[in-house]
Every structure is written in structure tokens, then in C-alpha cells.
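Student: I would like a close look at a single part of this model, one sheet, explained step by step. After that, please set a few other parts beside it.

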Amino acid sequence: MTDDIVIIGGGTGGAVLANDLAERLDDEIDAGEVRVRLLNDGPDHVYKPVWLYVPFGKREPADGRRPLRELIDNRIEIEDTRVTEIDTDAKQLQTTTDATPIGYDHLVVGTGSTLASDEVPGLQEGGHDFYSEDGSLALREELLSFTEGHLVLSVIGSPHMCPAAPLEFSFMTDDWFRKRGLREDIEITYTYPIQRVHGNAQIAEWARPLLEERDITIETFFNAESVEPDEGVLTSMEGTELDYDLLVAIPPHRGVDIIEDAGLGDRGWVDVDKHTLEAEHAEDVYALGDAAATGVPKAGSVAHYQAGTIGQRLASEVRGQVPTAAYDGKTICFIETGMDSASFVEFDYQNPPSPIAPSQSIHWSKLAYNESYWLTARGLI
């Protein structure tokens with residue numbers, strides 16, 4: 001009898017897990033005892049961190065896109081389809097490409113995050129973002145023609161992908177305008193929805209002095225409520241109004257509706273045990289990456305490490321063993337502090353982050369990792 005493992009989502013977590021299982025369950029797959037399928041809504045794997053560099057002309061969206069089939073072990077079945085329903089009682093999935101349900105013995109949900117700009121009136125018409133391919137390209141056109149005025153970077157809602165990216169964009173924008181001799185004519189304001197500049201207290205304590213040194217105005221406890229595109233006004237729930245000439249917003253995020261419809265969690269995030277990554281409301285279901293509500297950042301490194309944990313647990317289950325692997329909350333992150341300097345941070349559930357002093361060498365390390373990421377997706381590093 002064949003064990004069917006189905007992975008929904010071909011992002012970092014899904015890709016790394018698929019290759020991990022191909023290696024870990026090598027003999028069982030070759031013997032036909034295990035079948036692994038990866039279902040992804042589209043043929044490509046997208047490395048979203050590239051979008052941070054597109055507005056500055058440092059990268060193109062194509063630099064962050066590769067066909068999944070080039071990255072995934074050939075023994076893993078890849079299906080270009082969108083899952084429309086998860087039935088955890090029947091252990092079946094409905095998709096857009098097949099009327100016959102897909103059955104599973106073990107399910108891994110890696111459906112990621114989606115942008116919910118429509119939750120803030122006027123944001124779609126009046127704001128720009130670098131959290132989507134189209135958004136990063138449109139923002140590039142705006143930045144190239146922006147020579148004076150007020151730029152507002154507003155983080156709207158939490159959690160969101162790449163928690164350090166709003167800080168990175170603010171630091172990079174400041175440096176970019178300075179190098180072009182425009183900074184004196186441009187005011188930059190950074191807003192965050194709680195009473196500090198980042199969700200993590202240690203990173204916030206580190207980042208605030210850097211923002212202040214760069215003459216970046218800080219507005220904390222600023223929960224954006226509406227945007228008036230014609231007037232160029234961003235209004236918060238607290239009653240604060242900010243006039244802007246260019247609004248760069250981190251839109252509200254949510255998961256996909258099928259998660260909530262299946263009773264796996266709210267707003268599209270799967271409620272999981274933060275150590276085992278097992279779903280709390282269904283048997284034989286795991287979640288990883290952005291889709292897993294663990295309290296750790298929605299970052300690619302998190303999905304990478306979680307994939308290793310789930311791979312070990314699934315291998316144990318397939319072999320009739322008690323799974324013991326646990327995710328310890330490990331997260332690593334490069335943080336750009338300008339156009340040619342960066343910091344680095346590493347932390348887990350037990351050890352808080354302590355960003356190291358920014359340097360050019362760390363910046364080059366981040367760029368090197370961006371280039372070598374495709375080896376990570378292939379499971380080679």
C-alpha cells in the first residue's frame with residue numbers, strides 16, 4: 001500500500017520539503033511505497049526577496065523566478081493546479097484541474113501569504129508596494145521620477161512577509177536619495193502599528209537609532225485606516241493624518257480562504273503546534289512557512305528550517321516510527337541598512353535576536369545568498 005504525501009504550495013517551504021523527502025525517502029519512493037505530489041498554482045517558483053531591489057533598478061522580477069520542474073527532484077510529481085477545497089475528514093482535496101478529488105495520507109499546507117490591500121479604503125488606488133511583482137515595477141517608475149516631496153513608508157497590519165523589509169526599504173531609500181543628491185528635498189516618514197518600530201522588541205531597539213540618525217521621521221502606534229488618493233492623505237485609526245506625495249505601504253496580509261473554510265485556522269493561517277508543526281484541528285496535516293501560525297516571522301529561512309523538521313517527521317511516520325523531530329523557532333535574516341551595507345540576525349524560541357553591526361561585507365553576503373538561493377530550493381545547501 002502506497003503512502004500518499006501531498007504538499008500544497010511550491011514556495012520555499014514546499015520546494016525544500018519536496019526535495020528533502022525525495023532524498024530522505026529515496027528507497028521508499030523508488031519501491032513505490034511512497035508517492036509525493038506537489039500542487040502549485042502556477043508553473044514557477046518565485047523568490048520574493050528579489051522584489052525589494054526592483055524599485056531601485058538593482059534587480060528584475062525575472063531574477064526571482066524559475067520553473068518548479070527545474071528545481072524539484074524528478075521523482076516528485078508536480079501539478080500546476082489550484083486547490084479549492086480541503087476536506088480533512090475525508091482526506092481529500094478539490095482542485096481546478098480535476099473533478100476527481102485528490103486523496104492523501106499526509107498533507108502539508110504551504111499556501112503562503114496574500115496581499116489584502118482592499119481591506120483599507122483607498123489603498124489600492126493611492127499606495128504602492130514592493131511586496132508583489134507588479135507593485136515593485138510600478139514603484140520603480142515612481143521612485144525614478146520622485147525628486148522632492150514627502151515619502152511615507154507605512155506598515156499596515158501584522159503579521160506580514162519579510163518583517164525586516166520595511167526597515168530595509170526605508171534605509172535603502174534614504175541612502176539611494178543621498179547618493180543622487182536629492183535627500184535634502186525629500187522627507188521620509190516611517191509608520192508602524194504598535195508602540196515601536198518593529199514587532200520584535202530587540203530589533204526595534206536596534207533599528208530606532210538608525211532611523212533617527214538618517215533623519216527618518218517615526219510614527220508609531222499608527223494603524224492606517226484609510227487613504228485619500230486625490231488629496232494625498234493617509235489617516236490612522238488613532239486620528240493622525242499624514243500628507244504624502246508618495247505612499248509606499250506594506251498591505252495587510254492574510255492566507256488563503258480554503259484554510260479557514262476547512263476549519264484549520266483564522267484569516268488563512270493554520271493553527272499548529274509551534275514545535276511539531278502539526279495542525280491543531282486535523283489529523284495528518286502539517287503546515288509550514290507563512291501559512292503556519294507559529295508566532296515566528298513569515299520569512300523564507302523559517303520555511304526552510306521547518307521543511308527539515310516536517311521531512312524528518314513524515315519519514316518517521318511512513319516507516320511506522322514515532323516522530324521526534326521538533327522545530328526550535330530558528331530564524332536567520334539579513335537586514336539591508338543602505339545600498340551597500342547590511343546587518344545579520346539569528347534567533348529562535350529561546351534566544352532573542354541581537355543584530356550585528358552593519359558592514360559592507362554582510363551586504364555582499366546577502367547578495368551572494370540571493371544568487372545561491374536556487375541551490376537552497378534544490379535542497380543542495
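**A three-stranded sheet and its surroundings**

Tutor: In this predicted model, three strands make up an open sheet, ordered E14-E15-E16, with antiparallel pairing. The strands at the edges are E14 (224–228) and E16 (241–243), and each of them pairs on one side only. From one strand to the next, the twist averages 20°. Take the pair E14 and E15 in more detail: E15 covers residues 233–236, and the two strands are joined in the antiparallel sense over four bridges. In one of these pairings, serine 226 has threonine 235 in E15 as its bridge partner.

Valine 233 also serves as a reference point for another part of the chain. Its C-alpha atom is separated by 36 Å from that of isoleucine 332, and the two residues are 99 apart along the chain. Isoleucine 332 belongs to strand E22, residues 331–336. Is isoleucine 332 buried or partly exposed? Its relative accessible area is 27%, so isoleucine 332 is partly exposed; buried would require a value under 20%. Leaving out residues up to four places away in sequence, isoleucine 332 touches Ser301, Tyr305, Phe344, Val345 and Glu346.

Leucine 21 lies in helix H1, residues 12–24. With a relative accessible area of 0%, leucine 21 is buried. Neighbours within four places in sequence aside, its contacts are Ile5, Ile7, Asp26, Ile29, Val36, Gly311 and Leu314. The C-alpha atoms of leucine 21 and isoleucine 76 are separated by 8.9 Å, while the two residues are 55 apart along the chain.

The UniProt record, an unreviewed entry, places the feature "domain: FAD/NAD(P)-binding" at residues 4–307. That span is 26% helix and 27% strand, and its end C-alpha atoms lie 17 Å apart.

Last comes helix H10, residues 360–377. How far should its 18 residues span? At 1.5 Å a residue the answer is 26 Å, and the end C-alpha atoms are 26 Å apart, so the expected span and the model agree. H10 nevertheless has a kink of about 45°, centred on glutamate 371. Several residues of H10 are buried, among them Ile362, Leu367, Tyr373 and Trp374. After H10 comes glycine 379, with a positive phi near 80°.

Notes: Residues are numbered from 1 along each chain as its sequence is written. This is a predicted model: local features need pLDDT of at least 70, side-chain atom pairs count only at pLDDT 80 or more; totals for chains, interfaces and linings use all residues. Side-chain values use heavy atoms; hydrogens and water are left out. Buried means under 20% relative accessible area, exposed over 50%, partly exposed in between (1.4 Å probe, protein chains only). Contact means heavy atoms within 4.5 Å. Two strands pair if DSSP finds at least two bridges between them. Axes are lines fitted to C-alpha atoms, for helices over the stretch in contact, and angles run from 0 to 180 degrees between N-to-C directions. The expected span of a helix is 1.5 Å times one less than its number of residues. The bend at a residue is the angle between axes fitted to the seven residues ending there and the seven starting there. UniProt positions are given in the numbering used here, feature names are shortened, and annotations may be inferred rather than shown by experiment.
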